[in-house]
Amino acid sequence: MKILIAEDELNIRDGLEHLLQGEGYETVSADDGECALELFYSEKPDFVFFPLLQFRNTQMQNVLWTDCHTALALDAFSMFCILHLNHM
């Protein structure tokens, strides 16, 4: 499963990548909405971690609501809950 992490805080982004890769997930990451949008289309992730408040009123937010073929988490807690349920 490929996960796109859209997070502007380097420590959070790196921490999420480390945790997810340690669990066997493939990750791609972006530090802004524009890069996230490019990766969304080029990498076709199965899951997107996208803090809504961080990227308010961006094209990425609009695409995720209208053209999303992936699962979507708006915060880290939601992401880990959804991923945990997928392993059950």
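**Close-up views of a predicted 88-residue chain**

**Overview: long-range contacts in the chain**. In this predicted model, 60% of the contacts with a separation of 6 or more join residues 24 or more positions apart; contact means heavy atoms within 4.5 Å. The chain has four helices and four strands. From the N terminus on, their order is β-α-β-α-β-α-β-α. Helices (H or I, at least four residues) and strands (E, at least two) are DSSP runs, numbered from the N terminus. Of the 88 residues, 39% count as buried. Buried means under 20% relative accessible area, exposed over 50%, and partly exposed in between (1.4 Å probe, protein chains only). The accessible surface of the chain is about 5,200 Å², and carbon and sulfur atoms contribute 53% of that surface. Areas come from the Shrake-Rupley method with a 1.4 Å probe; for residues, only the protein chains shown count as cover.

**View 1: confidence along the chain**. The mean pLDDT is 76, and 58% of the residues score at least 70. pLDDT is the predictor's confidence in each residue, from 0 to 100. Strand β2 (residues 26-30) has the highest confidence, at a mean of 95. Strand β4 (residues 71-73) has the lowest, at 60. Where pLDDT is low, the predicted coordinates should not be read in detail.

**View 2: Arg 13, a buried charge in helix α1**. Helix α1 spans residues 10-22 and holds Arg 13. Arg 13 is buried but has no salt bridge, meaning a side-chain nitrogen of Lys or Arg within 4 Å of a carboxyl oxygen of Asp or Glu. Its nearest side chain of opposite charge is Asp 14, 4.8 Å away. Lys and Arg count as positive, Asp and Glu as negative; His and the chain ends are not counted. Beyond its neighbours within four places in sequence, Arg 13 contacts Ile 5, Glu 7, Asp 8, Ser 29, Ala 30 and Asp 31.

**View 3: Glu 9 in the loop between β1 and α1**. Strand β1 covers residues 2-6. Glu 9 is partly exposed, at a relative accessible area of 45%. Its C-alpha atom is 7.3 Å from that of Asp 31, 22 residues apart along the chain. Asp 31 is also among the contacts of Arg 13.

**View 4: Lys 44, a positive phi outside glycine**. Lys 44 sits in the loop between α2 (33-43) and β3 (47-49). Its phi is about 50 degrees. Most residues other than glycine have a negative phi. Lys 44 is exposed, with a relative accessible area of 55%.

**Notes.** Residues are numbered from 1 along each chain as its sequence is written, and side-chain values use heavy atoms, leaving out hydrogens and water. Local features need pLDDT of at least 70 and side-chain atom pairs count only at pLDDT 80 or more, while totals for chains, interfaces and linings use all residues.
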